[in-house]
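Please load the model in a viewer and keep the selection panel at hand. The stops below are given in the order in which they are best visited.

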Amino acid sequence: MLAAWRLSQRAVTFIPRVRSQTLNPLPMAAAASPKRLRVYSSAAADGDSANGAGGGKRVGTHNGSFHCDEALGCYLIRLTSQFAGADVVRTRDPEILDTLDAVLDVGGVYDPSRHRYDHHQKGFNDVFGHGFNTKLSSAGLVYKHFGKEIIAKELEVSEDHEDVHRLYLAIYKSFVEALDAIDNGINQYDTDQPPKYVNNTHLSSRVGRLNPDWTDPDQSPEKENAAFQQAMMLAGGEFMESVRFHVKSWLPARSIVLECLLSRGKVDPSEEIMVLDRFCPWKLHLFELEEELKTDPLTKYVLYQDERSKSWRVQAVAVAPDRFESRKPLPEKWRGLRDDELSNDIGIPGCVFVHMSGFIGGNKTYEGALEMARAAIKC
């Protein structure tokens, strides 16, 4: 046993560069601060372990070919207070795994009380919950148990803050769930039809390409561990970019859309027209808020000012976030017309255009755009 502890101390130390960040409107929190990272192929010797970057904490995952889920899982768990800066041990040796403080994606055990986060064992079907039904990978398991802590640190608020829970769900939906699905071989669509094109540009593919190529004469554990470090930083860096986007852009936009949605009655008695008093990404927020608030009637048109031309847009709301069809497209007889021809045809001055599909139109003024929306509601 002691011999196994001292075998092949193939450690590689990696100190990531810290880039100046202006994305987060709040001061940079502890969650975003990278710490010295050591990755090696067997547990460190007693003396090395005591001097490890994580104060002796060690997180295990398997060696050999790696995937995005354990790369992200190892990155995430090192952001927590309990495992901050922990060494990463890559091995499949059960005797070594049993000695480690946390184990991800290997070992055949899911037991959060012992920080065991594998998903490959027979009978494992755990999901994130909160309406999500995708089987979890090791990344999803770590996020499920530590995501709120990581987000709270970035926001510099307590874990029970309402924004933490809101971001916890949003980031799982927009970032982590896809990694869970891909690692577990879950198709994005329920169909037997082959895909119309191949997508090898997503994060899981890019992480996979960091594995040493089979043609490389250097297939050493050192080379593999260095590549895994790159994978951790790639996956973790994009995760933190997602967190900061949601903090800086997503949350403020949601607040704007909520306020505008609740003000529809002041715009038009039908309550089917919403006006954005300042432009922001609104589509996904609108669908989620309408579902959350059980909104009735649903919004048919959204008005907002084009920042470049300063004219106003009338946009028909789609039937679903990922669909092109509109709940109520602009009238067919308006479509394809422009300027005076359009204004004369519908009797509203200042018209600019209506798209051939009827999903959007424009007017030079807010009053004109509102009249277009009101007229379209009645058609």
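The tour begins with the whole chain and then proceeds to its cores, a strand hairpin, a helix and several salt bridges.

**The whole chain**

Begin with the complete model, which is predicted. Colouring by secondary structure will show twelve helices and 14 strands. The chain has 379 residues, of which 47% count as buried. Among contacts between residues at least 6 apart in sequence, 65% join residues at least 24 apart.

**The largest nonpolar core**

Next, select Leu76, Ile77, Tyr143 and Phe239, the residues with the most contacts inside the largest nonpolar core, a set of 53 residues. To see which elements give two or more residues to this core, display strand E2 (37-40), helix H3 (68-77), strand E5 (102-104), helix H5 (138-155), helix H6 (162-183), helix H7 (203-208) and helix H8 (221-262). Of these, H8 gives the most, with eleven residues.

Which residues does Tyr143 touch, not counting those up to four places away in sequence? Centre the view on Tyr143 and show its surroundings: the residues touched are Leu76, Phe128, Ile151, Leu167, Tyr168, Ile171, Tyr172, Val176 and Phe239.

A second core, separate from the one above, comprises 22 residues. Ile273, Tyr301, Trp334 and Cys351 are included in this second core and may serve as a selection for locating it.

**The hairpin of E11 and E12**

Move now to strand E11 (301-305) and strand E12 (312-316). The two strands run antiparallel and are joined by five bridges. One pair to select is Gln305 with its bridge partner in E12, Trp312. Together E11 and E12 form a hairpin with six residues between them, and Lys310 in the turn has a positive phi of about 65°.

Within the loop between these strands, select Asp306. Is Asp306 buried or exposed? Its relative accessibility is 14%, which falls under the 20% limit, so Asp306 counts as buried. The side chain of Asp306 reaches the backbone nitrogen of Ser309 at 2.8 Å. Beyond its neighbours within four places in sequence, Asp306 is in contact with Ser311 and Arg313.

Then isolate E12. Five of its five residues are buried, so the strand is largely enclosed by the rest of the structure. In a regular strand, side chains alternate between the two faces of the sheet. For E12, Trp312, Val314 and Ala316 lie on one side, Arg313 and Gln315 lie on the other, and both faces are covered. E12 also pairs with strand E14 (residues 360-363) in the antiparallel sense, over four bridges. In that pairing, Arg313 stands opposite Gly362 in E14.

**Helix H12**

Select residues 366-378, which form helix H12. What end-to-end distance should these 13 residues span? At 1.5 Å a residue, the expected span is 18 Å; the end C-alpha atoms are 19 Å apart, which agrees.

At the N-terminal end of H12, add Thr365 to the selection. Thr365 caps this end, with a side-chain oxygen 2.9 Å from the backbone nitrogen of Gly368. Gly368 is itself one of the buried residues of H12, together with Ala369, Leu370, Met372, Ala373, Ala376 and Ile377.

**Salt bridges**

Finally, display the charged side chains. The structure holds 17 salt bridges, and the following examples may be inspected in turn.

- Glu149 and Lys153: the closest N and O atoms are 3.2 Å apart. Both residues lie in helix H5, four residues apart, about one turn of the helix, and both are buried.
- Glu154 and Arg244: the closest N and O atoms of this salt bridge are 3.3 Å apart. Glu154 lies in H5 and Arg244 in H8, so the pair ties together parts that are 90 residues apart in sequence. Both Glu154 and Arg244 are buried.
- Arg323 and Glu325: the side chains meet in a salt bridge at 3.0 Å, N to O. Arg323 is partly exposed, with a relative accessible area of 44%, and Glu325 likewise counts as partly exposed, at 42% relative accessibility.
- Asp268, Glu371 and Arg374: salt bridges with shared partners join these residues into one network.

Definitions and conventions
Residues numbered from 1 in each chain as written. Predicted model: local features only at pLDDT ≥ 70, side-chain atom pairs only at ≥ 80, totals over all residues. Heavy atoms only, no water. Core = buried A, V, L, I, M, F, W, Y, C linked by side-chain atoms within 4.5 Å. Buried < 20%, exposed > 50% of the residue type's maximum accessible area, 1.4 Å probe, protein only. Contact = heavy atoms within 4.5 Å. Expected span 1.5 Å × (residues − 1). Polar contact = N/O pair within 3.5 Å; in protein donor to acceptor, adjacent residues only side chain to side chain. Salt bridge = Lys/Arg side-chain N within 4 Å of Asp/Glu carboxyl O. Pairing = 2+ DSSP bridges.
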